[in-house]
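Trainee: Before we look at the model, could you help me see how each label attached to it is earned from the coordinates?
Mentor: Gladly; let us take the labels one at a time and set each against its definition.
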Amino acid sequence: MLDHLWPDRRIPLSWLLLTRQPGRLLVALAGISFAGILMFLQLGFRDGLFDASVTLHKRFAADLVLVSPRTMSSIAMASFPRRRLVQVMADPDVAGTTPVHWNFLLWRNPQTRTTRSILAVGFEPGDPLFTDPGLVERTRVLSQRGRVLFDALSRPEFGPIPAWYKQGRTIETEVAGKRVRVAGLVELGPSFGADGNLLTSSETFLSLMPDLPPGSIELGLIRLVPGADPASVAARLRAQLPEDVAIYTKQGFVEFEKNYWRSSTAIGFIFTLGAAMGFVVGSVIVYQILHSDVSDHLPEYATLMAMGYPLPQLLGVVAREGLLLALLGYLPAWLAGQGLYVLIRNGTKLPVAMDGPRSLLVFGMILAMCLGSALMAMRKLGDADPAEIF
Amino acid sequence: MSSTHPSPAPASDPDSGSVIGPSLSHPNPGLASPAAASGNGNGRGHGQGHGHGNGNGHGTPGATPGQPSLVVHDLEHWFGSGANRRQVLDRVNLTIHPGEVVLLTGPSGCGKTTFLTLVGALRQVMAGSVQLFGQELAGAGRRERQLLRRQIGMIFQGHNLLRCLSAEQNVQMGADLLPGLGYRARRDLSRQWLRAVGLGDHLGKLPHDLSGGQKQRVAIARALAAQPRLLLADEPTAALDSRTGREVVELLRRLARDQGCSVLMVTHDPRILDVADRLVEMEDGRLAEVSLSGRPSSGSVG
C-alpha cells in the first residue's frame with residue numbers, strides 16, 4: 001500500500017539515528033522540552049499580566065471611554081467634570097452614557113480584621129456598566145445605601161466572603177472606615193493593579209469618599225447607536241470637548257492600559273528576556289546533541305559519501321534530525337505548559353491560557369532553535385572525507 | 001524459471017536499465033533472483049537473453065562489449081608540495097576487464113590505499129589518467145565523481161556499517177542508490193542479498209549483535225546491492241580469522257563474478273592469493289604484475 005503511495009521511500013536514517021540512541025534522544029528531548037516550557041511560562045506570565053491589567057476594561061459596556069488626560073493607568077485614575085458626559089449626549093450618534101466612580105479603598109477582612117486595598121467601582125444601579133448579561137438586574141440591590149457587590153474571584157486575603165455568603169451569613173465589614181454590607185457576589189477577577197473588586201452605587205461610593213469634589217467622576221462610558229463608527233465619533237467629540245478630558249475607543253482604552261504596563265514597567269522586558277534565555281539554553285543543548293551525533297557518525301557519513309550519496313542528501317539527514325527533535329520536543333512542552341497554566345491560574349488568578357498565537361510562537365521558536373542548531377552542526381559534516389576511510 | 005538455471009547468473013545490460021540480483025545457483029539453489037522477486041519483470045527475460053547472446057559467462061556490463069572496467073595510465077600522485085613533496089604513486093599502469101579479480105599486494109605505506117582512493121573516485125587525479133567504464137576521472141568534478149562512485153562498490157578494512165541500522169537496512173542503503181525501484185523492491189533486493197551471503201536469519205540484527213565475519217558479509221551484501229561494475233576492497237579479511245577470511249573472500253569472488261563485476265582487492269593475506277585471476281604488487285609507488293606462481297614478472301602492467 002505505502003509502496004504505491006510513496007515509491008521513493010528511503011530508509012528513515014534521521015529517525016533511526018535518533019531512536020537507536022535512546023539515551024541521547026532523551027537528553028535532547030528533555031532539553032528542548034525544558035526550553036519550550038520556559039518559553040511557555042515566561043510568555044504566559046507576560047501576556048497574562050498584560051491581560052490581567054484589563055480584566056475590567058474588556059467588560060465595560062461602552063464603545064467610547066472618557067477619562068481625565070491626567071489618568072495614566074487604572075491604578076491612578078484622575079477625575080474630570082461629570083458635565084462633559086452630559087455634553088457628549090448632545091451628539092446624535094451617542095445612545096447612552098454611564099458615569100463611573102473608580103478608586104482604591106481600604107477593605108477590612110471581616111475574619112482577620114486586617115485591611116487591604118480594594119478597587120471600588122461606583123455607578124448608578126440599573127445603569128449598564130459591564131457587558132455581562134444579568135449583571136444589571138443584580139445591581140438593583142445596590143440602590144439601598146451601604147450595600148456592595150463583592151467580586152468572588154478576589155484574592156483570598158480579603159476574607160472568605162464568597163463561602164460565607166453562600167452559607168447565607170450576613171457579612172458586614174468596613175470600607176474606608178465606613179460600615180458596608182455585602183449584598184451579593186459578582187465574578188470579575190483580579191487585575192494587575194487590583195487584588196479584588198467591589199461594585200457599589202454612586203451614592204454609597206460618595207459616602208465612602210466624602211472629600212471627593214462634587215460633580216466629578218473618574219470614568220465615562222459612552223454607548224453609540226448601532227452602525228456608528230466609534231473612531232469617527234471619537235474624533236468628532238475630541239474636537240468639541242475641552243482639553244480636560246481624553247477620549248478613547250474601547251479597544252484603544254484597553255491598549256492604553258496594557259501599554260502603560262508594557263512601557264512603564266520592566267515586566268515585558270523581564271519576561272521576554274526569560275523566554276529568550278529559554279531559547280538560548282535550548283539552542284545550546286540541541287547544538288551539542290546534534291554536533292556530537294554528527295561527530296560520532298562521521299566515518300559512517302563518509303562511508304555513505306563513498307557509496308555515492310551526495311553531500312546535500314546527508315545534510316538533509318541532519319536537518320531532518322533537527323525537525324524531528326523540534327516536533328518530538330514541542331509536544332511534551334505544550335502539554336506541560338497546559339498543566340503549568342492551570343497551576344498559575346489557580347495560584348495567581350491571572351488569566352493565563354494556552355492560546356493559538358502563543359502556541360505557534362513557541363513552536364516557531366523551537367523550530368528555529370532546532371533547525372538553527374542543525375545548520376551549525378552541518379558544518380561538521382564538511383569534515384567527512386570519504387578518501388580517509390580506506 | 002530462473003531458480004533452476006545452472007549457469008552463473010547472467011549480467012544485466014545496463015543500457016536497458018535492468019536489475020540483476022545475487023547468484024541464482026549459489027549458495028541457495030532455491031533462491032529466486034531479486035529481480036524476479038521484486039516483481040520488476042524488466043530485468044528477467046531481457047537480461048537473461050542478453051547474457052546468453054554474447055556468450056560470455058561473466059557477462060559484459062560495460063557499455064561496449066570488451067571494454068575494460070578500469071584503465072589506469074601513467075598515474076602519479078604525491079602529497080605535500082615544494083621541498084616536502086613526497087611521491088606516492090609513480091607512473092602506475094593497470095587495466096582490469098569485466099569479471100576479473102585482481103589482487104594488489106605490497107608492503108604497508110607503499111601507496112596501495114592511495115591508489116584505491118584514486119581509482120574509487122574519492123580523490124582528485126593529479127597526473128596521468130584513470131578511466132572508469134570508459135569515463136575519464138582526471139579533471140572530473142565533485143558531482144561527476146559522486147555519480148561514478150555509485151557504480152563502484154567499496155568494502156573496507158573495518159566493516160563501516162551504520163551502527164544504527166539493522167543488517168537489512170544497511171544493505172538497503174546500498175540498494176537505495178538504484179534508480180527507478182520502489183521501496184518494497186529495494187527491500188526485497190536487500191533481503192535476497194543478505195540471504196546470498198548466508199545471513200538470511202540475521203536480517204533485523206544490528207551490527208553490534210553480529211560477529212566480525214558476519215559484519216563483513218553484510219558489508220559485501222551492501223556493496224553488491226548497489227549493482228556495482230567494479231568492487232574495491234581494502235584488506236577485507238584483516239579483522240577476521242583465517243577460516244572466516246577465506247569464506248568471505250570466496251563469497252566475494254563468486255558473487256562478483258556472477259554479476260560480471262570486476263574486483264580490485266588489496267590484501268596482505270597470503271592464504272587468499274589463489275582466489276585471484278591476476279596478482280599485482282606495489283612497491284615504492286610502482287606497480288608490477290606477479291605471476292600466480294609467486295615470482296614478480298618483469299615490466300609493469302599495461
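Mentor: We begin with strands, where two of them are said to pair if DSSP finds at least two bridges between them. Please keep in mind throughout that this is a predicted model.

Trainee: What makes strand E1 (residues 64–67) of chain A and strand E10 (residues 219–224) of chain A a pair?
Mentor: The two are joined over three bridges, in the antiparallel sense, and because at least two bridges are required, E1(A) and E10(A) qualify as paired. Within this pairing, A:Val65 stands opposite A:Leu221 in E10(A).

Trainee: How do you know that strand E3 (residues 94–108) of chain A also pairs with E10(A)?
Mentor: Six bridges join E3(A) to E10(A), and the two run antiparallel, so the requirement of at least two bridges is met here as well. A:Thr98 stands opposite A:Leu221 in E10(A), and A:Leu221 is also the residue that A:Val65 faces.

Trainee: Why is helix H6 (residues 183–196) of chain B called largely enclosed?
Mentor: A residue counts as buried if 20 or more other C-beta atoms lie within 10 Å of its own, and 12 of the 14 residues of H6(B) are buried, so the helix is largely enclosed by the rest of the structure. Among the buried residues are B:Arg186, B:Asp188, B:Leu189 and B:Trp193.

Trainee: How do you know that the length of H6(B) agrees with its number of residues?
Mentor: The expected span is 1.5 Å times one less than the number of residues, so the 14 residues of H6(B) should span 20 Å, and its end C-alpha atoms are indeed 20 Å apart. H6(B) is followed by B:Gly198, whose phi is positive, near 80°.

Trainee: What makes residues of chain A and chain B count as being in contact?
Mentor: Their C-beta atoms, placed from the backbone, must lie within 7 Å, and by that test 22 residues of chain A are in contact with 27 residues of chain B. On the chain A side, helix H2 (13–19) and helix H11 (298–307) each supply at least two residues, while the largest share, six residues, comes from H11(A). By class, that side has 14 nonpolar, three polar and five charged residues.

Trainee: Which domains is chain A divided into, and how many residues of domain 1 touch domain 2?
Mentor: Chain A is divided into domain 1 (8–52 + 266–388) and domain 2 (69–244), and four residues of domain 1 are in contact with six residues of domain 2. The domain centres, taken over C-alpha atoms, are separated by 48 Å.

Conventions:
Residues numbered from 1 in each chain as written. Chains lettered and ligands numbered in written order. Predicted model: local features only at pLDDT ≥ 70, side-chain atom pairs only at ≥ 80, totals over all residues. Contact = placed C-beta atoms within 7 Å. Helix = DSSP H or I, 4+ residues; strand = E, 2+ residues; numbered from the N terminus. Nonpolar A, V, L, I, M, F, W, Y, C, P; charged D, E, K, R; others polar. Domains from an automatic or database assignment.
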